Amino acid sequence: MLQYFDPDKDYGTPAQLSENMITLEINGVSITVPEGTSVLRAAAQADINIPKLCASDNLEAFGSCRVCAVEIEGRRGTPASCTTPVETGMKVTTQNKRLGKLRRNIMELYISDHPLDCLTCPANGNCELQDVVGAVGLREVRYGLEGSSVETRTHLDAEKDHSNPYFSFDPSKCIACSRCVRACGEVQGTFALTIDGRGFDSTIAPGQNQPFLDSECVSCGACVQACPTSTLMEKSVIEMGQPEHSIVTTCAYCGVGCQFKAEMKGAEVVRMVPYKDGQANHGHSCVKGRFAFGYATHEDRITKPMIRDSIDQPWQEVSWEEALSFAASKLKGLQQRYGRESIGGITSSRCTNEETYLVQKLIRAAFGNNNTDTCARVCHSPTGYGLKTTLGESAGTQTFDSVMYADAVMVIGANPTDAHPVFGSLLKKRLRQGAKLIVADPRRIDLVKSPHVETNHHLTLRPGSNVAFINAMTHVVITEGLEDKTFIANRCEESAYQAWREFISEERHSPENTESITGIPAEELRGAARLYAGAKNAAIYYGLGVTEHSQGSSMVMGIANLALATGNIGREGVGVNPLRGQNNVQGSCDMGSFPHELPGYQHVSDDQIRGRFESVWGVKLDNEPGLRIPNMFDAALDGTYKGMYVQGEDIAQSDPNTNHVQAALRSLECLIVQDIFLNETAKFAHVFLPGASFLEKDGTFTNAERRINRVRKVMPPLSGKQDWEVTQALSNSLGYEMNYNHPSEIMDEIAQLTPTFASVSYERLEEMGSIQWPCNDETPDGMPIMHVESFPIGKGHFAITEYVATEERSTRRFPLLLTTGRILSQYNVGAQTRRTENQVWHDEDVLELHPVDAEDRGLQDGDWVGITSRAGGTVMRAKLSDRMQPGVVYTTFHHPGSGANVVTTDNSDWATNCPEYKVTAVQAVKVSEPSEWQQRYNEFNNQQQGLLKQRRRNKAAARD
Amino acid sequence: MGNHQLTSLIKMANQIAANNTHIGNETEEATMVANHLRKFWARSMKQQITDYLIEGGEELSPIAKKAVAEL
């Protein structure tokens, strides 16, 4: 009996998890499957492939097409095998004369209302309808078609909808199988599609019978993937034809880490199809990973190295050798003049683990200091600090799938349906199954209320009051006796617990006493605390609304305290789960990007640990931490920090207080930027080293569940080099030898030096698909759920989290609180998504504000509004929205010209200096022209674009 | 020495101190803050804040002062 799992095969109905096994007979073959499995799937597992149309194994059985009909001994009729569960001793026949005729009749009816343009149809070569017609042996169609004996109405001239930029909808090809409707509901959870009309008039309708683009559709692509015909079809396939080979790789957008099959023609990507065996996404995707990959071949890509002596000069294209020796001599010169600590670098949270590892190695070994930092500084550094202090490891505790075992879910400062959409869909699936939901967010995010999802408690806390809120939650748990005493006694440090218990029991932390700080009605908060503490399994998911505060680290510890106090750690369905922003921000932290930690979170001051690195790297390493990003900027302005190597990060746009950052960048004598585009930071650079997109490299990314996924090269790098090759060449130019032939060799070195990666290798990754670290002798297959029996620090540590109000508070001059974030269609600084059709959803950043605040200021929807803080001012369009609470305004930072970060301040987390992006006191007023900053930005941008163009003219002149 | 970094360092040290005032014993609190600075601050940052304390360290909070003195 065949029992292997082939991820490319559609088994018709979902796998069942029951441990009860059922044995039945199909066509005389004995088959054993878990209870609840459909006859269709049982047969498919034995490679008996019953024809089917409306069934697909990522959707519940529907039983509408009847093509999968079978005969079952002792039963009347021909039941659909998709909706018939297996039973012990069942005897099934999948093919005989009667069934063959039945199937032909069904297919004849389908084809009577289907165009016969198969040769020129985009689905030609990959059409399930065509396959089934072939399989049943349909030879003639008596109805509907021209010349047929019976006159019938058809849908053949139905109007097409091309409104979505990525896929077309051609209803004339539709067989009304409902797979798209079900995918939109069951898989994505958006419920944008429906079957409109009855009987013959049934048609698929987005929204209220609108074009796709105008409907609630989020363009995740689940319907396109589900469609068995060419009714819903990628425009790229319509243009290019069917792909001829495919390679499995990992998405380079958010921290979910979806795996995709890059479906190719030669070295061109035809489409990205979510990979069913991707262990983070199980075949689902969002609009970014699924469709927004065109940036990789955008005309703005810079593919040749460039240098210039100062930033007011045109760029000079040069050879790799020349660029690297120019960079190396500049860096060496700076160190000679200003000292060893006068240079540093930033690793990329978008590049691979191997590339990040190499950049920090270059800094520590070749620069000879620890001035390395990464994007996590500005997003999840408090997670690292907070979770390491309380639980002993700087990472989330669960798999994404674990949410399917949660009975209560608390989402704090995260907006998964926009920022981590594939996890958002899984969460919504669990909520539809009945799990309870608590949302703590100043905004009414989609999870608060959306189709078939409604939160039990929406805690609309004031920005900046997080720690007061989490203390109140745990106060309720402890004072109402809701804690898990057994867990605390067995798993937590006794003395720390007693001290913390005394602290948290103080009446000043009660919901009633903190209501004036948090703005959350005490009864609502008590209800939420009781719900969380009372659930069998309660899980916390949190995002940057937790970390990007002056008390980000305290809040992370407060969250861990709550999970520890209620025993919600160490099994399925519970845990503390940071939703990490960038594709490899977990990895960049793991790989030693922080100035105080070597790979694997090993402190630089530990002589024994450092000694191991020194012996493998063959150099003496500094035993003192280096500078963090904000300290680098300050030191640059003070004239002690002079040179910087930045790989794949756009600090000029993403970091707070843009005026300060740009002044610091201007003061550098040598800025080396490695990126795929001339990003905002590169406009201040002296050396530009062209980077490679994720499609052009081999390596690994680590997602928010600590899952190490393979990234595979599907096309050659446009510049001729993958990013790790560039870092290696720079290192060699500096005189520190690196000689890796393949990223797998870098991973072998990582495994040698990082205890949590000791058993990770490319061979193991090929075997397992992905690995969740720690992966070593103790846990050779990785560790999906952490802290099951003990913590890496032995016992869980309750940390005292005193609420300290941020200095940033609303005043008469700046009466509103601005919080910033992202939206579904754009990603981070937008460098990638702005160069795709995703622009149709969000082509400018806007200021969302409550209608009451708008009315006070005479603002209407679409008006220009000036936003000013003590750091600076910018201008955007106003968008009135009752998702906001009065007094709180919101914007995104996806477009450089909107200058959201001109407004944000230099306030930061006390422990890690993670910027306080989520609280800026601002004023908003109606204005008629762009801000002064924007005018300067436009001038500078035009100048830099001109200097880039001049480089092109020089090149053309040289050719003449 | 410029002012940008020092201004930030004073603010950071005071903030670290303000978030570690729950023990009720100033000496222990100062030690916690000092340990934080040892563990996370670069050599040049520790040097600057120490120099600032020697010059008087006016803007440092009492606990931050004690902590810096421990370095």
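## Interface and cores of a two-chain predicted model

In this predicted model, 24 residues of chain B are in contact (heavy atoms within 4.5 Å) with 33 residues of chain A. Residues are numbered from 1 along each chain as its sequence is written, and chains are lettered from A in the order in which they are written. Local features need pLDDT of at least 70 and side-chain atom pairs count only at pLDDT 80 or more, while totals for chains, interfaces and linings use all residues.

The table gives values for the interface between chain B and chain A.

| Item | Value |
|---|---|
| Buried area (accessible area, 1.4 Å probe, lost on being put together, summed over both parts) | about 2,300 Å² |
| Salt bridges (side-chain nitrogen of Lys or Arg within 4 Å of a carboxyl oxygen of Asp or Glu) | 4 salt bridges |

Carbon and sulfur atoms give 49% of the buried area. On the side of chain B, N19(B), F40(B) and R43(B) lose the most area to chain A, together 28% of what that side buries. R43(B) also forms a salt bridge with D622(A), in which the closest N and O atoms are 2.6 Å apart. Helices here are DSSP runs of H or I, at least four residues, numbered from the N terminus. Two or more residues each come from α1 (4–18), α2 (26–40) and α3 (43–54) of chain B; α1(B) gives the largest share, 9 residues.

The largest nonpolar core (buried Ala, Val, Leu, Ile, Met, Phe, Trp, Tyr and Cys residues joined through side-chain atoms within 4.5 Å; buried means under 20% relative accessible area, 1.4 Å probe, protein chains only) has 67 residues, of which L232(A) and L447(A) touch the most other members. Helix α12 (residues 421–432) of chain A supplies the largest share of this core, 5 residues. Apart from it lies another core, of 58 residues, including F326(A) and L734(A).

Terms used. Heavy atoms only, no water. Buried area = accessible area lost by both parts, 1.4 Å probe. Buried < 20%, exposed > 50% of the residue type's maximum accessible area, 1.4 Å probe, protein only.
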